[in-house]
Amino acid sequence: MNPANRYALTFPGTPGTQAPQDVIVVARTDAKGPGGHPVYEDDTGIVRAEISDAGEVRMLASGGQQSPHMPVHAHPLP
């Protein structure tokens, strides 16, 4: 199965509030992650994730002091 070129990553809202979930679209890059799967990033390059063919997501830090949160869902986009 070929991996999608883009994914919508859905993150939980702020705990303890009624804040809506955050959705960030990431696009495939030429890079491979530590697991050998494609790396995806948003337009800013700040949100980076390795996504397997099975849709498993590993968030990757794009700089020091970053502690990336895991998304609730990764949905492939056309």
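This report describes the strands, the nonpolar core and the side-chain contacts of a predicted model.

## Strand pairing and hairpins

Strand S1 and strand S2, the latter covering residues 22–32, pair in the antiparallel sense over 6 bridges, and within this pairing Ala8 has Val25 of S2 as its bridge partner. S2 is in turn joined by 3 bridges to strand S3, residues 38–41, and these two strands also run antiparallel; here Ala27 stands opposite Glu41 of S3. The hairpin of S2 and S3 has 5 residues between the strands, and Gly36 in this hairpin takes a positive phi near 85°.

The pairing continues from S3 to S4, which run antiparallel and are joined by 3 bridges, with Val39 standing opposite Glu50 of S4. In the hairpin that these two strands form, 6 residues lie between the strands, and Gly45 takes a positive phi near 80°. S4 then pairs with S5 in the antiparallel sense over 4 bridges, and the bridge partner of Arg48 in S5 is Leu60. S4 and S5 form a hairpin with 5 residues between them, in whose turn Gly55 has a positive phi of about 85°.

## The nonpolar core

The largest nonpolar core is made up of 12 residues, namely Ala4, Tyr7, Leu9, Phe11, Val26, Tyr40, Val47, Ala49, Ile51, Val57, Met59 and Ala74. Strands S1 (6–11), S4 (48–51) and S5 (57–60) each supply at least two residues of this core, and S1 gives the most, with 3 residues.

## The aromatic pair

The structure holds 1 aromatic pair, formed by Tyr7 and Tyr40 in an edge-to-face arrangement, with 5.2 Å from centre to centre and 90° between the planes. Because Tyr7 lies in strand S1 and Tyr40 in strand S3, the pair ties together parts that are 33 residues apart in sequence. Both tyrosines are also listed among the residues of the largest nonpolar core. Tyr7 is buried, with a relative accessible area of 5%, and Tyr40 is likewise buried, with a relative accessible area of 0%.

## Glu50 and its surroundings

Glu50 lies in strand S4 and counts as buried, since its relative accessible area is 3% and the limit for a buried residue is under 20%. Which backbone nitrogen does the side chain of Glu50 reach at 2.9 Å? One is that of Gly35, at the distance just named, and the backbone nitrogen of His37 also lies 2.9 Å from a polar atom of the Glu50 side chain.

When residues up to four places away in sequence are not counted, Glu50 touches Gly33, Pro34, Gly35, Gly36, His37, Pro38, Val39, Glu56, Val57, Arg58 and Leu60. This list includes Gly36, the residue with a positive phi in the hairpin of S2 and S3, as well as Val39, which stands opposite Glu50 in the pairing with S4.

## Salt bridges

A search of the whole structure finds 2 salt bridges. In one of them, the side chains of Glu50 and Arg58 meet at 3.6 Å, N to O; Glu50 is buried, with a relative accessible area of 3%, whereas Arg58 is partly exposed, with a relative accessible area of 41%.

Arg48 forms a salt bridge with Glu41, the closest N and O atoms being 3.2 Å apart. Arg48 counts as partly exposed at 21% relative accessibility, and Glu41 is also partly exposed, with a relative accessible area of 27%. These two residues appear in the strand pairing as well, where Glu41 of S3 stands opposite Ala27 and Arg48 has Leu60 of S5 as its bridge partner.

## The loop between S4 and S5

Asp53 lies in the loop between S4 and S5, and with a relative accessibility of 36% it counts as partly exposed. Asp53 and Gly63 are 10 residues apart in sequence, while their C-alpha atoms are 26 Å apart in space. The S4 and S5 hairpin to which this loop belongs also has Gly55 in its turn, with a positive phi of about 85°.

Note on methods
Residues are numbered from 1 along each chain as its sequence is written. This is a predicted model: local features need pLDDT of at least 70, side-chain atom pairs count only at pLDDT 80 or more; totals for chains, interfaces and linings use all residues. Side-chain values use heavy atoms; hydrogens and water are left out. A nonpolar core is a set of buried Ala, Val, Leu, Ile, Met, Phe, Trp, Tyr and Cys residues joined through side-chain atoms within 4.5 Å. Buried means under 20% relative accessible area, exposed over 50%, partly exposed in between (1.4 Å probe, protein chains only). Two strands pair if DSSP finds at least two bridges between them. Rings of Phe, Tyr and Trp (its six-membered ring) pair if their centres lie within 6.5 Å; planes under 30 degrees apart count as stacked, over 60 as edge-to-face and the rest as tilted. A polar contact is a pair of N or O atoms within 3.5 Å; within protein, one must be able to donate a hydrogen and the other to accept it, and residues adjacent in sequence count only if both atoms are side-chain atoms. Contact means heavy atoms within 4.5 Å. A salt bridge is a side-chain nitrogen of Lys or Arg within 4 Å of a carboxyl oxygen of Asp or Glu.
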